[in-house]
Amino acid sequence: MKVKDPLPPLSWDARRIQIQGFMTGLHQIEWLLVTLITLYLVLIGAPDDHTLELLVATAAYFGFSLLASRLRFFDERQRWLLALHTWVMIGFITWFLHSTEGVSGPLTSLYLLAVVTSALTLGVLATMLEVVAIVACIVLLLQLGDERLMETANLTLLSINLIAYLIIGYLTAALVDGITVSNRMLLEMASQDPLTGLFNRRAFNDLVKPVDAMARRSRRPYSVVVIDMDGLKAINDAQGHVEGDRAIKLLAEELKAHTRSSDLLARHGGDEFLIMLPDTDAGGATRMLHRLLADPDHEIPAISIGVACYPEHGESFDALFEQADQAMYVSKSLGGRRVHVAGAPR
Ligand SMILES: Nc1nc2c(ncn2[C@@H]2O[C@H](COP(=O)(O)OP(=O)(O)OP(=O)(O)O)[C@@H](O)[C@H]2O)c(=O)[nH]1
């Protein structure tokens with residue numbers, strides 16, 4: 001069963017953040033490849049009839065890499081472009097080997113750069129497929145060089161390369177997967193409230209920004225709801241903190257059950273919760289909150305609720321939060337267990 005991702009994918013995807021970091025390494029690998037090939041051309045030299053071709057191809061490859069790094073052409077949502085990146089690298093290395101000493105020269109190990117690049121960005125399966133493609137390229141180079149594949153020396157060369165690429169590719173991709181998992185855990189620890197599993201204040205404040213900006217651009221309404229438990233201190237004092245915790249968790253579950261997946265819900269602090277309801281005006285928000293208060297199936301802990309809506313109660317999330325907080329205090333002062341909308345008569 002696919003586990004529902006609790007974090008919106010674009011701004012909070014650990015793999016995305018990680019790949020952005022690896023992109024720098026990826027371009028450095030490409031430039032290392034160009035440097036090694038240039039060094040080879042300077043120190044060992046190219047076969048006479050291929051010098052110009054090799055220089056032009058190396059310059060073109062360098063241009064491709066430079067353009068990709070400047071344009072930030074590749075990102076994790078376009079994995080096929082990342083794959084193209086490594087295919088171009090494999091193609092360039094194969095063509096270079098074909099134009100120089102073939103697979104018997106020292107530059108065959110350049111394929112390792114393509115394997116590492118793929119392992120860093122594309123995962124185990126894609127890397128294994130690339131290793132197969134590289135082996136096919138080596139076989140092709142042997143055939144083009146009129147070498148006999150079944151000769152012991154060639155079979156040994158092929159096996160050694162295959163084993164080295166498989167081990168390095170697998171280990172690198174597995175390492176990256178491990179880093180992804182631990183980054184994800186850290187990200188969740190940094191953004192979730194441990195008691196309720198809801199977003200914490202830091203994550204909520206980050207996540208409301210794009211929703212607020214989008215609503216303001218399109219002049220679409222949204223509502224901010226502040227919910228504060230009534231008498232949690234009394235529960236703690238009379239029944240102990242475990243009961244207090246249970247009341248907080250119960251409220252969190254009810255809030256989850258009554259909100260949509262597009263709503264943002266957070267435990268903002270001790271006994272205070274925040275909800276942002278995109279595309280929802282005051283009428284929609286109060287209907288939802290009355291359903292929560294009057295849920296016949298579940299008795300929720302006593303709460304006071306304040307609501308403020310864009311655009312009538314404020315022009316920014318901070319202003320709306322302020323208004324909703326004040327409305328919540330009005331609700332509390334009136335005895336709680338009710339919804340008060342900012343600016344409404346008491
Ligand atoms: N059990 C438990 N208590 C908490 C937690 N976080 C904060 N509290 C307690 O919640 C209480 C909040 O106190 P107040 O702000 O006075 O809230 P209240 O007792 O609900 O009173 P009003 O808000 O005025 O209705 C404090 O006693 C905190 O120690 C928590 O995670 N678990």
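**Notebook: strand 1, its partners and the ligand shell**

I began with strand 1 and found it mostly covered, with 8 of its 8 residues buried. The model I am reading is a predicted one.

I next looked up the two faces of the strand. In a regular strand, side chains point alternately to one face of the sheet and the other. On one side of strand 1 I noted Tyr222, Val224, Val226 and Asp228, and on the other Ser223, Val225, Ile227 and Met229; each of these residues is buried, and both faces are covered.

I then turned to the neighbouring strands. Strand 1 pairs with strand 3 (residues 272-278) in the antiparallel sense, over 7 bridges. Strand 4 (residues 303-310) also runs antiparallel to strand 1, and 8 bridges join the two. To follow one residue across, I chose valine 225: its bridge partner in strand 3 is isoleucine 275, and in strand 4 it stands opposite valine 307.

My next entry concerns the ligand. I counted 15 residues around it, of which Asp230, Leu232, Lys233, Gly244 and Gly270 come nearest. Strand 1 (222-229), helix 9 (232-239) and helix 10 (241-258) are the elements that give two or more residues to this shell. By residue type, I recorded 5 nonpolar, 5 polar and 5 charged residues in the shell.

Last, I consulted the domain assignment of the protein chain, which gives domain 1 (9-190) and domain 2 (201-341). I noted 51 Å between the centres of domain 1 and domain 2, taken over C-alpha atoms.

Definitions and conventions: Residues numbered from 1 in each chain as written. Predicted model: local features only at pLDDT ≥ 70, side-chain atom pairs only at ≥ 80, totals over all residues. Near = placed C-beta within 6 Å. Helix = DSSP H or I, 4+ residues; strand = E, 2+ residues; numbered from the N terminus. Nonpolar A, V, L, I, M, F, W, Y, C, P; charged D, E, K, R; others polar. Domains from an automatic or database assignment. Buried ≥ 20, exposed ≤ 12 C-beta atoms within 10 Å, placed from the backbone. Pairing = 2+ DSSP bridges.
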